[in-house]
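Please look over the sequence and the structure shown here before reading on. The report that follows takes up open space, the surface and charged contacts in turn.

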Amino acid sequence: MSMKRTNVYADPEDLAIIKEAAKRRGISEAEIIRQGIHLAAMANRVWDEPLFSRTFEGPGRTPSKAEVREAVADAVRRETGPGTAA
(Lines give C-alpha, C1' and ligand atoms only; values in the text may rest on other atoms or scores of the structure.)
Protein backbone atom coordinates (compact mmCIF):
# COMPACT_ATOMS: atom_id res chain seq x y z
CA MET A 1 0.00 0.00 0.00
CA SER A 2 1.37 3.37 -0.98
CA MET A 3 1.29 6.02 1.74
CA LYS A 4 1.62 9.78 1.69
CA ARG A 5 3.40 11.76 4.36
CA THR A 6 1.53 14.60 6.07
CA ASN A 7 2.03 16.83 9.10
CA VAL A 8 -0.63 17.42 11.74
CA TYR A 9 -0.78 19.25 15.03
CA ALA A 10 -1.87 17.15 17.99
CA ASP A 11 -2.59 17.74 21.64
CA PRO A 12 0.40 16.67 23.79
CA GLU A 13 -1.89 14.70 26.11
CA ASP A 14 -3.27 12.74 23.16
CA LEU A 15 0.24 12.00 21.94
CA ALA A 16 1.22 10.74 25.40
CA ILE A 17 -1.76 8.38 25.41
CA ILE A 18 -0.82 7.14 21.93
CA LYS A 19 2.78 6.58 23.04
CA GLU A 20 1.63 4.49 26.04
CA ALA A 21 -0.83 2.50 23.94
CA ALA A 22 1.78 1.77 21.28
CA LYS A 23 4.20 0.46 23.89
CA ARG A 24 1.51 -1.63 25.56
CA ARG A 25 0.28 -3.10 22.26
CA GLY A 26 3.74 -3.57 20.76
CA ILE A 27 3.02 -1.51 17.66
CA SER A 28 4.29 1.84 16.43
CA GLU A 29 2.73 5.16 17.33
CA ALA A 30 2.39 5.78 13.58
CA GLU A 31 0.23 2.66 13.22
CA ILE A 32 -2.17 3.88 15.92
CA ILE A 33 -2.35 7.28 14.22
CA ARG A 34 -2.99 5.62 10.83
CA GLN A 35 -5.81 3.58 12.40
CA GLY A 36 -7.30 6.78 13.81
CA ILE A 37 -7.10 8.52 10.44
CA HIS A 38 -8.78 5.54 8.78
CA LEU A 39 -11.62 5.58 11.34
CA ALA A 40 -12.10 9.33 10.82
CA ALA A 41 -12.13 8.87 7.05
CA MET A 42 -14.71 6.09 7.19
CA ALA A 43 -16.91 8.04 9.63
CA ASN A 44 -17.01 10.96 7.20
CA ARG A 45 -17.27 9.06 3.93
CA VAL A 46 -20.22 9.71 1.64
CA TRP A 47 -21.27 6.39 0.18
CA ASP A 48 -22.36 6.05 -3.45
CA GLU A 49 -25.24 3.76 -2.54
CA PRO A 50 -27.68 3.95 0.37
CA LEU A 51 -27.16 1.62 3.31
CA PHE A 52 -30.61 0.11 2.75
CA SER A 53 -31.48 -0.44 -0.89
CA ARG A 54 -34.60 -2.51 -0.36
CA THR A 55 -37.97 -0.85 -0.03
CA PHE A 56 -40.86 -2.16 1.97
CA GLU A 57 -44.54 -1.93 1.27
CA GLY A 58 -46.57 -0.14 3.86
CA PRO A 59 -49.45 2.21 4.43
CA GLY A 60 -47.30 5.32 3.86
CA ARG A 61 -47.75 6.50 7.43
CA THR A 62 -46.25 5.75 10.82
CA PRO A 63 -47.99 2.67 12.26
CA SER A 64 -49.72 2.89 15.62
CA LYS A 65 -48.38 1.13 18.71
CA ALA A 66 -51.11 -1.51 18.37
CA GLU A 67 -50.18 -2.14 14.71
CA VAL A 68 -46.52 -2.58 15.62
CA ARG A 69 -47.36 -4.98 18.45
CA GLU A 70 -49.62 -6.99 16.16
CA ALA A 71 -46.97 -7.17 13.41
CA VAL A 72 -44.36 -8.37 15.92
CA ALA A 73 -46.79 -10.93 17.38
CA ASP A 74 -47.57 -12.21 13.87
CA ALA A 75 -43.86 -12.57 13.11
CA VAL A 76 -43.27 -14.47 16.36
CA ARG A 77 -46.17 -16.79 15.58
CA ARG A 78 -44.75 -17.46 12.11
CA GLU A 79 -41.25 -18.13 13.50
CA THR A 80 -42.31 -20.43 16.31
CA GLY A 81 -44.86 -22.35 14.28
CA PRO A 82 -47.93 -24.18 15.57
CA GLY A 83 -47.68 -26.07 18.80
CA THR A 84 -44.55 -24.36 20.15
CA ALA A 85 -44.40 -21.92 23.01
CA ALA A 86 -42.98 -18.50 22.35
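## The largest pocket

In this predicted model, the largest pocket holds about 360 Å³ of space. Its lining is made up of M1, S2, M3, K4, R5, T6, V8, A30, E31, I33, R34 and I37. Sorted by class, these lining residues comprise 6 nonpolar, 2 polar and 4 charged ones.

Several of the lining residues, including E31, I33, R34 and I37, return below, where the surface patch and the salt bridges are described.

## A nonpolar patch on the surface

L15, I33 and I37 make a nonpolar surface patch of about 240 Å². Both I33 and I37 also belong to the lining of the largest pocket, and I33 has its place in helix α2, which covers residues 29-43.

How far is I33 exposed, given its relative accessibility of 35%? I33 counts as partly exposed, because that value falls between the cut-off of 20%, under which a residue is buried, and the cut-off of 50%, over which a residue is exposed.

## Salt bridges that involve helix α2

The structure holds 5 salt bridges. In one of them the side chains of K19 and E29 meet, with a distance of 3.2 Å from N to O. K19 lies in helix α1 (residues 12-25) whereas E29 lies in helix α2, so this pair ties together parts that are 10 residues apart in sequence. E29 is partly exposed, with a relative accessible area of 33%.

Another salt bridge joins the side chains of R34 and E31, at 3.1 Å from N to O. These two residues both lie in helix α2, where they are 3 residues apart, or about one turn of the helix. R34 has a relative accessible area of 34% and is therefore partly exposed, and E31, at 29% relative accessibility, likewise counts as partly exposed. Both R34 and E31 are also found in the lining of the largest pocket.

## A network around E70 and R77

A further salt bridge is formed where the side chains of E70 and R77 meet, at 3.0 Å from N to O. Through salt bridges that share partners, E70, D74 and R77 are joined into one network.

As for the accessibility of the two residues in that pair, E70 counts as partly exposed at 42% relative accessibility, and R77 counts as partly exposed at 47%.

Methods
Residues numbered from 1 in each chain as written. Predicted model: local features only at pLDDT ≥ 70, side-chain atom pairs only at ≥ 80, totals over all residues. Heavy atoms only, no water. 1 Å grid on protein atoms, 1.4 Å probe; cavity = no way out; pocket = protein on both sides within 12 Å on 5 of 7 lines; lining within 4 Å. Points joined across faces, edges and corners; volume = space filled by probe spheres on them. Nonpolar A, V, L, I, M, F, W, Y, C, P; charged D, E, K, R; others polar. Patch = residues over 30% accessible without salt bridge, like charges linked within 9 Å, V, L, I, M, F, W, Y side chains within 5 Å. Areas by Shrake-Rupley, 256 points an atom, 1.4 Å probe, with all protein chains shown as cover. Salt bridge = Lys/Arg side-chain N within 4 Å of Asp/Glu carboxyl O. Helix = DSSP H or I, 4+ residues; strand = E, 2+ residues; numbered from the N terminus. Buried < 20%, exposed > 50% of the residue type's maximum accessible area, 1.4 Å probe, protein only.
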